[in-house]
Amino acid sequence: MTDDRPQSPESTPADPEASSSGGPARSGSQRLQTTIRDLGRRIDAASDARYKRQAFRGGLDRGQVAELKRLDPRRETSGTEATFWRLLVDVLEPAGLVDLTGRAGDPMIDEPGEGRESLEIRHWKAILSGMATTAGLNGGRVPAGTAMHRADISEARFTKLLRATGDPLFGELRAVASQLRAAGKPFSWLQLAQLVLSERRPWADAVRRRLAIDYFNPRKPDDTTTDSESVTTSSSQGGTSA
């Protein structure tokens, strides 16, 4: 079934060059979109029977999701967080979204210092912890800004999220994820991932504007298709999932 509705999260740039036509920049934005969907399916597998019936490869169990949920980006990992590191190595590094070699960091942004985790590692800890909090709801197509409006997240909370940086951003993200979990409606994590990853980057304002547009001008409540439903439909028609 073809979905003709506009998909604003996919059009939000993940980097300052993503809005230009063609080229590697666009593929980078698409890699982020694809990776967030993949991570959502892996995490949702712990609570979504539809994924289990299709024997989704790479799906996490409840214990692994609980491990991700406990991640705290304000504290350095000890190297014993097996699920987190496995996702970094198996999913995020191959997608070009994290560098584990220690050679590609930007000292003006990462500021690793001796033994200090890079900012990108802390960012992904925040994203994965948030996605684990909303396990079972990560397969939606509704933009996060729209989902926050429908979840009755207050303007004050929304504004604090957009203004926060550093450790306060991680705290606000966790609070928002908890409220989205309580709302119980599937949504897309792409915009929230872009919000976190844009910290200290030139395109941060563009990401925040897109979130604000979707929050203050929400779409009609008919965009409720989930990735799990798309997978089921595709497989029943002999197609492949996106």
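1. Residues 227-242 should be read with caution in this predicted model: pLDDT stays under 50 throughout that stretch. The model nevertheless gives residues 227-242 a total of 27 contacts beyond four places in sequence.

2. For the protein as a whole, the mean pLDDT is 78. A value of 70 or more is reached by 69% of the residues. Residues 104-115 form another stretch with pLDDT below 50. Beyond near neighbours in sequence, residues 104-115 have 15 contacts in the model. Any reading of the contacts in residues 104-115 should carry that pLDDT, below 50, alongside it.

3. The secondary structure consists of 12 helices and 0 strands. Read from the N terminus, the order of elements is therefore α-α-α-α-α-α-α-α-α-α-α-α, given that helices and strands are numbered from that end.

4. Of the 242 residues in the protein, 47% count as buried. The exposed area of the protein is about 12100 Å², and carbon and sulfur atoms account for 49% of that area.

5. How much of the contact set joins residues at least 24 apart in sequence? Taking contacts between residues at least 6 apart, the share is 71%.

6. Helix α5 covers residues 82-92 and helix α6 covers residues 119-133. Their axes lie 11 Å apart, at an angle of about 105°. Because angles of 65 to 115 degrees count as roughly perpendicular, α5 is described as roughly perpendicular to α6. On the α5 side, the contact is made by F84, L87, L88 and L92; α6 contributes I121, W124, K125 and L128. By class, the contact of α5 with α6 has 7 nonpolar residues, no polar ones and 1 charged. Since Lys counts as charged, the charged residue is K125 of α6.

7. Helix α9 (residues 166-183) packs against helix α10 (residues 190-197) with an angle of about 170° and axes 11 Å apart. Are the two parallel or antiparallel? Angles over 145 degrees count as roughly antiparallel, so α9 and α10 are roughly antiparallel to each other.

8. Which residues of α9 and α10 meet? From α9 they are L169, F170, L173 and L180, and from α10 they are L192, L195 and V196. The contact of α9 with α10 comprises 7 nonpolar residues, with no polar and no charged residues.

Conventions
Residues numbered from 1 in each chain as written. Predicted model: local features only at pLDDT ≥ 70, side-chain atom pairs only at ≥ 80, totals over all residues. Heavy atoms only, no water. Helix = DSSP H or I, 4+ residues; strand = E, 2+ residues; numbered from the N terminus. Buried < 20%, exposed > 50% of the residue type's maximum accessible area, 1.4 Å probe, protein only. Contact = heavy atoms within 4.5 Å. Areas by Shrake-Rupley, 256 points an atom, 1.4 Å probe, with all protein chains shown as cover. pLDDT = per-residue confidence, 0-100. Axes fitted to C-alpha atoms, helices over the stretch in contact; angles between N-to-C directions. Parallel < 35°, antiparallel > 145°, perpendicular 65-115°, else oblique.
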